[in-house]
Amino acid sequence: CIRDRLKTQDYIRFGWILFDSEDKCAKAQAILVNFTIKDFLFTIVRSKSSRRPLKVVPNVSRERNETDLVLSRRLIEVLDREKGITGNPILAMSAGASGVNITKILDLQILYLRRVHSFCFLSLIH
């Protein structure tokens, strides 16, 4: 997988490869040392983090969704302002959200925070 380039990280692109065994990982790491394509040098770093199980959000009350919608909207406004992003159509959609739309717009705002700002709204990791 390859992550989008981020301005805040000098447009460096990060990627990762998952291996099904330590042996295959070690072999690939040995082959890819100082690996270059055109003028792009690949730096291989082996992850030391432990694998965490996937978390699933339980059913959430409508009141909680409404609160999260407002909070995620405020966060998007702040982060967009920091990056100079203006005229965000997602914010216009959330202004008139009601009923069933709340969950869909909240999901869209959470996805926007993750993709554009590399911020996980549910775990508060940036």
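Buried here means under 20% relative accessible area. By that cut-off, 21% of the 126 residues in this predicted model are buried.

**Figure 1. Overview of the fold.** The protein contains 4 helices and 2 strands, arranged along the sequence as α-β-β-α-α-α. Its accessible surface is about 10,500 Å², and carbon and sulfur atoms account for 58% of that area. Of the contacts between residues at least 6 apart in sequence, 46% link residues at least 24 apart.

**Figure 2. The largest nonpolar core.** This core has 13 residues, and Leu69, Ile76 and Leu113 have the most contacts inside it. Helix H2 (62-83), helix H3 (89-95) and helix H4 (101-117) each contribute at least two residues. H4 gives the largest share, with 6 residues. In soluble globular proteins, nonpolar side chains tend to be buried together.

**Figure 3. Surroundings of Ile76.** With residues up to four places away in sequence left out, Ile76 touches Asn88, Leu91, Gln109, Tyr112 and Leu113. Both Ile76 and Leu113 are among the core residues with the most contacts inside the core.

**Figure 4. Leu106 in helix H4.** Leu106 is located in helix H4 and is classed as buried because its relative accessible area is 5%. Beyond residues up to four places away in sequence, Leu106 touches Asn65, Asp68, Leu69 and Ser72. The C-alpha atoms of Leu106 and Ile90 are 9.8 Å apart, while the two residues are separated by 16 positions in sequence.

**Figure 5. Asp68, a buried acidic residue with a salt bridge.** Asp68 belongs to helix H2. At 9% relative accessibility, Asp68 falls under the cut-off and therefore counts as buried. Apart from neighbours within four places in sequence, Asp68 is in contact with Leu106 and Phe121. The side chain of Asp68 also forms a salt bridge with that of Arg64, at 3.1 Å from N to O. Arg64 and Asp68 are 4 residues apart in helix H2, about one turn of the helix. Unlike buried Asp68, Arg64 is partly exposed, at 47% relative accessibility.

**Figure 6. Two further salt bridges along helix H2.** The structure holds 4 salt bridges. One of them joins the side chains of Glu66 and Arg62, with an N to O distance of 3.5 Å. Glu66 and Arg62 are separated by about one helical turn because they lie 4 residues apart in helix H2. Glu66 is partly exposed, with a relative accessible area of 31%, and Arg62 is partly exposed at 47%. Another salt bridge links the side chains of Arg73 and Glu77, at 3.4 Å from N to O. Arg73 and Glu77 are also 4 residues apart in helix H2, so about one helical turn separates them. Relative accessible areas of 24% for Arg73 and 28% for Glu77 make both partly exposed. Side chains of opposite charge can pair when their charged atoms come close.

**Figure 7. A nonpolar surface patch.** Phe35, Ile37, Phe40, Phe42 and Ile44 make a nonpolar patch of about 460 Å² on the surface. Phe35 sits in the loop between helix H1 (22-31) and strand E1 (36-37). Phe35 counts as partly exposed because its relative accessibility is 33%.

**Figure 8. Cysteines Cys25 and Cys120.** Cys25 is buried, at 16% relative accessibility. Cys120 is likewise buried, with a relative accessible area of 16%. With a disulfide taken as a pair of cysteine sulfur atoms within 2.5 Å, the model has 0 disulfides.

Conventions
Residues are numbered from 1 along each chain as its sequence is written. This is a predicted model: local features need pLDDT of at least 70, side-chain atom pairs count only at pLDDT 80 or more; totals for chains, interfaces and linings use all residues. Side-chain values use heavy atoms; hydrogens and water are left out. A nonpolar core is a set of buried Ala, Val, Leu, Ile, Met, Phe, Trp, Tyr and Cys residues joined through side-chain atoms within 4.5 Å. Buried means under 20% relative accessible area, exposed over 50%, partly exposed in between (1.4 Å probe, protein chains only). Contact means heavy atoms within 4.5 Å. Patches are made of residues with over 30% relative accessible area and no salt bridge: like charges are joined within 9 Å, nonpolar side chains (Val, Leu, Ile, Met, Phe, Trp, Tyr) within 5 Å. Accessible areas come from the Shrake-Rupley method with a 1.4 Å probe; for residues, only the protein chains shown count as cover.
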